[in-house]
Amino acid sequence: MHSSDTLTLLAPLSGPIVPIESVPDAVFADKVVGDGISIDPTTQTLLAPCDATVTQLHAARHAITLSAAGGVEIMIHVGIDTVGLKGEGFTARVKQGDKVSAGQALLEFDADHLLHKAPSLLTQVIVLSGETSVIVERARGTARAGVSHLMTVGPRRKAREDAPRAPSASEAGASRPPPRATVGVTSAVVVVPNPHGLHARPAAVLANEAKSFAADISVELAGRNANAKSVVALMNLGAGPGAELRIVASGSEAARAVGRLVELVRSGLGEDLSAAPGPDAPAPAKAAAPRASDDPRRFLGVSAAPGLAIGPVCKIDPLAAAVEEHGDDTEVELARLQKALMHTRIELKQLVATSGKRVEQAQIFSAHLTMLDDPEIITRAEVAIVEGKSAAFAWREAVMSSYRELARQSNPLLAARANDVRDVGGRALRHLAGGDDAQAVPAGSLVVAETLTPSEVVRLEGQGAAGLVSVLGGTTSHAAILARSLGVPYLVGAPASLLATPAGATAVLDADAAALLLHPTEAELDAYRGRLGARQALRAKQEAAASERAVTRDGVHVAVLANIASAADARKAVRLGAEGVGLLRTELMFFDRETAPTEADQTAAYQEIADALGDRPLVIRTLDVGGDKPLSYMPLPAEDNPLLGIRGLRIGALHPTILRSQLRAILKTRAPAGHRVLLPMVASLEELREARRVLEEERQRAGSPKVELGVMVEVPSVAIQADQFAAEVDFFSIGTNDLTQYTLAMDRTHPRLAGRHDALHPAVLRLIDATVQAARRRERHVGICGAVASDPDAVAVLIGLGVTELSVSVQAMPEVKSKIRELDAGKCRELARAALEMGTAGEVRALLSPGARPG
Ligand code: PEP
Ligand code: MG
């Protein structure tokens, strides 16, 4: 298939061949991703079009990227808008890194299913390496999978075949290579009509159009000029609404270029001027700034994990990766840079192509593609390489200087784009610096990031981070749950401006007060150190008493159990005084893997936990994924509202083998004090009955003894029908995280709603009350395992509602126990009665504030 320097691609599918321009998706039709050919498939097995290596298999399995001889990179994208199917209807036959031969099956798809769910089956075969390869021949008519030729790809001949030359410093900021000026053309004044001026998107449109002309083109504003082919240079002009520009061009096509660009600027550069917000409209904020502070050093957010920490700020930022300053041979470093840019380009193109209906996401990555190719940044980097720097160092410096220039802009929209430059710069740097995402942080630092994933929280805690701050994220996100269980203070919803803080600046994270204080004075530091010392002493006292039972002053025993996810958690829980495990979140064992754990894997994991607990009881919850907890290897249907769709127990109906194998693994576990099965996200009695039937079937088959079966009270319907449920369950566990989410219709991970997603809302308290009353009437056991149980301020009201079992994060156990010992259950009941009559969560919190609390 590969003759001298051309590569022939076989048709990966049978079916009529369709020109790429006719594909009903602008991303493909406009060749944003690259040139190619589409096939309307009549077969359902996608074959490799040539010998190649699988460089990427999208998690949704609808798109695959291959790297073939001669540096040809090909992407095959099955169907239109199929990313949203999240793998449903697709079966992969290969994995990333596999070497495949022409004609080998890559993946299979269920055409009937796809046609029901996606607008079209048209499958695009795209050449991603358009900078170096070009389609020299294309087939027409009907393709035959694995037999007929679809296209021939050859090397793109350079316009100028003279030897590549390193740029000179004086070329930095100019387009590369600038054609000789023959005739200069300057436009009349053209006024920027865009309400936010020449911000990123219109600048990208202008730069892209300018790049399609051979002419050397610049844009002038008030005596300054910018390379029209550089989106960064255009943004740096700072052209606001009404700015008066001139387009200047020289070289071939100069006049045509000026005419076209003037017309484009006048028309708004692709922005819908009628729909654009007025000049007074606020810049779109990236995330919540929940409350404002008068002190510019004080950044307010929402407390996701309590605590106090003092330390230097450390930002998780790929641009901060350690790189060698000095490079090897200039040619080698230049080639390294080109290769990294090429890989980044392919990665971004894939992200655009696989964004499906997420138009905003596609636009952001398209803008990143333009920034990546920015001649200003690339030339700066090349100049530094010629001066002896390594490609990684040179690239980082070039990105950082563009970043700093943009961040200085007074127009907030332009300044906000500085972060995009960092983002795309960091993406390329990862390819230059070895592709390692995981950046080590110094022990004792306060980590500031745009967002943190659950695995990052675990890694950072392991590295000794003293505290965490993120701009995005909610208080009941899994990252927050882990931070609480690990005892690391965590502030979410911090203002995005915090990301501009220089690394190393001293700060105090007072997560209890939901604030981060930058540059504290010596007096402030002394005060915080004093508080920290007092907290540590109090904590030591609480831990010393942790193994004692928690009994209120008037003699009511409240069992304090632990919420855990692993055997390590179980051991820590025992050390910190757990009377058992009230919630084993089994899903965490299913994350961060390529395939589901086997039944034997699961049994071993549950057994290790049961052994660690000894004679303490264990509640094992069946898999709770979907919603905010997707699994890469488990195809779930595309959802418009994932939190209201197939999640929790509903997945058991869709994937019965997974539920059955988990139930068998639980039944095989030997727990001396017995173990119980807990079902997540139950909304109706039918779901409970079906799960009970399956459990009973597996139990009888295995000949195991009876196990108790309970439901999470997470959906209001269960609390409302608690009487009926109580007749059919052995126990209840109230999951206030989801119960609050579904009662208040507030996404639990939404940063802007984090401050209002409060389980002490009287509506939620009434549902807890209804559940506890119903359980009591039927003599059913009831506990609370949502995050509210770990909130020492909330304990009084929960006890007052009659709850005698709290399952809390491991770290919170000693403090919750000590809080219980300070309370009087009788007074708590009065407090709870008053709380049920309150109108808002704020009023309930006020009732619980110091001074108002029952003692
Ligand atoms: C809850 O929803 O309160 C709960 C404990 O479950 P999870 O946080 O795992 O969804
Ligand atoms: Mg839940």
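The following paragraphs lead through selected features of this predicted model, from its sheets to its metal site and internal cavities.

An open sheet of eight strands provides a starting point; its strands pair in the antiparallel sense and follow the order β10-β6-β7-β8-β12-β4-β3-β14. At the edges stand β10 (99–100) and β14 (142–143), each with a single partner strand, so one side of each is left without a neighbour in the sheet. Within this sheet, β6 (residues 52–57) and β7 (residues 63–68) are joined in antiparallel fashion by five bridges. One position in this pairing can be named: Ala-52 has Ala-68 in β7 as its bridge partner.

Parallel pairing appears further along the chain, around strand β25 (residues 467–470). Four bridges connect β25 with strand β24 (residues 446–449), and the two strands run parallel. In this pairing Val-448 is matched with Val-469 of β25. Strand β26 (residues 490–492) also runs parallel to β25, to which it is joined by two bridges; here Leu-468 has Tyr-490 in β26 as its bridge partner. In a regular strand the side chains alternate between the two faces of the sheet. The faces of β25 are both covered, with Gly-467 and Val-469 buried on one side and Leu-468 and Ser-470 buried on the other.

The metal site comes next. The magnesium ion (ligand 2) is coordinated by Glu-714 through OE and by Asp-738 through OD, at 1.9 to 2.0 Å. These two residues link distant parts of the chain, 24 residues apart: Glu-714 belongs to the loop between β33 (708–713) and α19 (716–720), whereas Asp-738 lies in helix α21 (residues 736–744). Glu-714 has a relative accessible area of 2% and is therefore buried, the limit being under 20%. Asp-738, at 2% relative accessibility, likewise counts as buried.

Two loop residues merit attention for their backbone conformation. Most residues other than glycine have a negative phi. Met-681, although not a glycine, has a positive phi of about 55°, and it is placed in the loop between β32 (675–679) and α18 (685–702). Ala-745 is also a residue other than glycine with a positive phi, near 55°; its place is the loop between α21 and α22 (762–777). What are the relative accessibilities of Met-681 and Ala-745? Met-681 is buried, with a relative accessible area of 1%, while Ala-745 counts as exposed at 68%.

Finally, the interior can be examined for enclosed space. Rolling a probe the size of a water molecule over the atoms shows where empty space is left. The model contains four cavities of 30 Å³ or more, and the largest cavity has a volume of about 170 Å³. Its lining comprises 18 residues, among which Ile-481, Ser-485, Asn-563, Arg-585 and Ser-809 lie nearest the centre of the cavity. The elements giving two or more residues to this lining are α12 (478–486), β29 (559–564) and β36 (805–809). Of these, α12 gives the most, with five residues. By class, the lining of the largest cavity consists of eight nonpolar, seven polar and three charged residues. Where does the largest cavity lie with respect to domain 3 and domain 5? Domain 3 (298–317 + 439–539) and domain 5 (550–634 + 641–848) both give residues to its lining, so the cavity lies between them.

Key: Residues numbered from 1 in each chain as written. Chains lettered and ligands numbered in written order. Predicted model: local features only at pLDDT ≥ 70, side-chain atom pairs only at ≥ 80, totals over all residues. Heavy atoms only, no water. 1 Å grid on protein atoms, 1.4 Å probe; cavity = no way out; pocket = protein on both sides within 12 Å on 5 of 7 lines; lining within 4 Å. Points joined across faces, edges and corners; volume = space filled by probe spheres on them. Nonpolar A, V, L, I, M, F, W, Y, C, P; charged D, E, K, R; others polar. Domains from an automatic or database assignment. Donors = N, O, S within 2.8 Å, 3.2 Å for Na, K, Ca; no water. Buried < 20%, exposed > 50% of the residue type's maximum accessible area, 1.4 Å probe, protein only. Pairing = 2+ DSSP bridges.
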